[in-house]
Amino acid sequence: MKTRHHRLALLACAAAAGAAGSVAAATLLSSSIPGAFGVRYLPDRAVVTCTVEDPGERGVAESFRLSVWLPQPVRWAYLDRELLDEDALSWDADAGQVTLALPFGGHRVHLGWAGEPSLPPERAAIPIVAAGRGAGSLTARFSLDGMEATGEARLGPGTAHVRLVTAGEVDPGAVSLTSGGATLGPWQPRDGDLVAPEPLMVAENPSLALQVRSYGLSASPIERVVFEDIEPPTVVRRVPGDELPEGALLVEAEDFVDSGGSAALIGEGTHVDTHGGACIYTFMGDGSWLEWDIDVPAAGAWDLYARISCGDVGSYRQVALDGMAVEGLGLVAFPATGGWGHAEGEWWLVRLTGADDLAPPLELTAGAHRLRITGVLDKHLNFDYVALVPHR
Ligand SMILES: [Ca+2]
């Protein structure tokens, strides 16, 4: 809605005025000299942006006159962040226009017809608390439509429950919090705060973005972002000699039966020393998943192993069985193996369950089971095979 012309007759804007009733055609904005203008009508005000260059003629006034149509008589006005005196505003009831003198240059003018004079705050800091301690803060920036706050939290990696401590009542549907690619929600009111139904997986020192869509905020409606019940990822253990124990059921990674998200690649590629002559690579940590069918010959306790390579600092995966989360495998940290499997020694056999500091063994019935591994927290991980081994 910007123009170089100094007299605007915009039907579309008149319709946007809403509360004004029927306005067949109105001159919404006019200026004593040309410039670039935009006007936006909101529930209690019109917000005008204008850029008018100084004509540079000596002896001419140091300001120009701007007239703006309003649905109701003007009650207050801001020039940028300065509240203007009432006598600076001239209201023409017949034309429904307010006229005021403005300095040259680029400015934003709020022309209000309802409520008390108000501007959105410029900035606010929202503390982040993790396990009872300060863990950084978000910097909130405001517009009339709401608030967007961003920053880094000093915590993780791990999973945590998130609580938003609110200042007064906040519509849960107006709030969103994202960390990495994950968006939490829907938010639920609890004890005057908002809580997310599911724990959030966070990388180390995650970037957070908190958004509240609400008209005319005068301060942040969120007082603090609190991370509670923080659980670090479960670790895995490298198997000495990278040798599978006896009785293992080996399933080639490349024999996955279903997948979702970004496509993992199968093949030898430039990889070396793969079992069965192929592996899975470009398996991304963006929520992509792979599934394998495993036919278990006997009911009992089994342990999960995997042959992996990771050229990053490490990687994270979530393991599910038969569509259910597996205790201790909701977030598993895999180590760096020194490369992506392009050289000898970069494939490691790791054990995920059944030893002291690992997740407990899987209790499985005999017959068909479906194993799903999901990539989380951004990092790639290459798989050569997965295996079940009788627990001992
Ligand atoms: Ca393989």
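A nonpolar core is a set of buried Ala, Val, Leu, Ile, Met, Phe, Trp, Tyr and Cys residues joined through side-chain atoms within 4.5 Å. This report applies that term to a predicted model.

## Cores

The largest nonpolar core has 33 residues. Within this core, Leu 329, Leu 352, Leu 371 and Phe 383 touch the most other members. Eight strands are listed as suppliers below, and each gives the core at least two residues: β28 (289-296), β29 (300-309), β30 (314-321), β32 (332-335), β33 (348-351), β34 (362-364), β35 (367-376) and β36 (382-390).

Take Leu 371 as a sample member. Setting aside residues up to four places away in sequence, Leu 371 touches Leu 290, Glu 291, Trp 292, Ile 294, Leu 304, Val 319, Ala 320, Leu 321 and Val 386. A second core is separate and has 30 residues. Among its members are Ile 126, Ala 153, Leu 155 and Val 170. In soluble globular proteins, nonpolar side chains tend to be buried together.

## Domains and confidence

The domain assignment splits the chain into domain 1 (7-112), domain 2 (123-231) and domain 3 (234-390). The centres of domain 1 and domain 3, taken over C-alpha atoms, are 64 Å apart.

Average pLDDT for the chain is 91. A score of at least 70 is reached by 93% of the residues. Residues 1-24 stay under 50. For that stretch the model has 46 contacts beyond four places in sequence. Where pLDDT is low, the predicted coordinates should not be read in detail.

## The calcium site

Which residues give the calcium ion its protein donors? They are Glu 252, Glu 254, His 275, Ala 278 and Asp 384. Glu 252 donates through OE, and Glu 254 is listed twice with OE. His 275 and Ala 278 each donate through O. Asp 384 donates through both O and OD. The donors lie 2.3 to 2.6 Å from the ion. Along the chain, their spacing is E-x1-E-x20-H-x2-A-x105-D.

Glu 254 and His 275 link distant parts of the chain, 21 residues apart. Glu 254 is in the loop between β24 (249-252) and β25 (258-260). His 275 is in the loop between β26 (265-267) and β27 (279-281). Glu 254 counts as buried because its relative accessibility is 12%. His 275, at 36%, counts as partly exposed.

## Cysteines

The structure holds zero disulfides. Why does Cys 310 not form a bond with the closest cysteine sulfur? That sulfur belongs to Cys 279 and is 13 Å away, so the two are too far apart for a bond. Cys 310 is buried, with a relative accessible area of 0%. Cys 50 is also buried, at 2% relative accessibility.

Cys 50 is one of the contacts of Gly 105. Leaving aside neighbours within four places in sequence, Gly 105 also contacts Thr 51 and Val 52. Gly 105 is in strand β10 (residues 105-112). Its C-alpha is 5.4 Å from that of Thr 51, although the two are 54 residues apart in sequence. Gly 105 is partly exposed, with a relative accessible area of 28%.

## Loops and backbone geometry

Arg 154 sits in the loop between β13 (146-152) and β14 (158-166). At 54% relative accessibility, Arg 154 counts as exposed. Beyond four places in sequence, Arg 154 is in contact with Gly 134, Ala 135, Gly 136 and Asn 205. Arg 154 and Gly 134 are 20 residues apart in sequence, with 8.5 Å between their C-alpha atoms. Pro 157 lies in the loop between β13 and β14.

Most residues other than glycine have a negative phi, and most peptide bonds are trans. The table gives some departures.

| Site | Feature | Value |
|---|---|---|
| Gly 156 to Pro 157 | cis peptide bond | omega near 0 degrees |
| Gly 185 to Pro 186 | cis peptide bond | omega near -5 degrees |
| Ala 131 | positive phi | about 50 degrees |
| Asp 229 | positive phi | about 50 degrees |

Pro 186 is in the loop between β16 (182-184) and β17 (188-190). Ala 131 lies in the loop between β11 (123-130) and β12 (133-143). Asp 229 is in strand β21 (residues 222-231).

Are Ala 131 and Asp 229 buried or exposed? Ala 131 is exposed, with a relative accessible area of 63%. Asp 229 counts as exposed at 57% relative accessibility.

Definitions and conventions. Residues numbered from 1 in each chain as written. Predicted model: local features only at pLDDT ≥ 70, side-chain atom pairs only at ≥ 80, totals over all residues. Heavy atoms only, no water. Buried < 20%, exposed > 50% of the residue type's maximum accessible area, 1.4 Å probe, protein only. Helix = DSSP H or I, 4+ residues; strand = E, 2+ residues; numbered from the N terminus. Contact = heavy atoms within 4.5 Å. Domains from an automatic or database assignment. Donors = N, O, S within 2.8 Å, 3.2 Å for Na, K, Ca; no water. pLDDT = per-residue confidence, 0-100. Disulfide = S-S within 2.5 Å.
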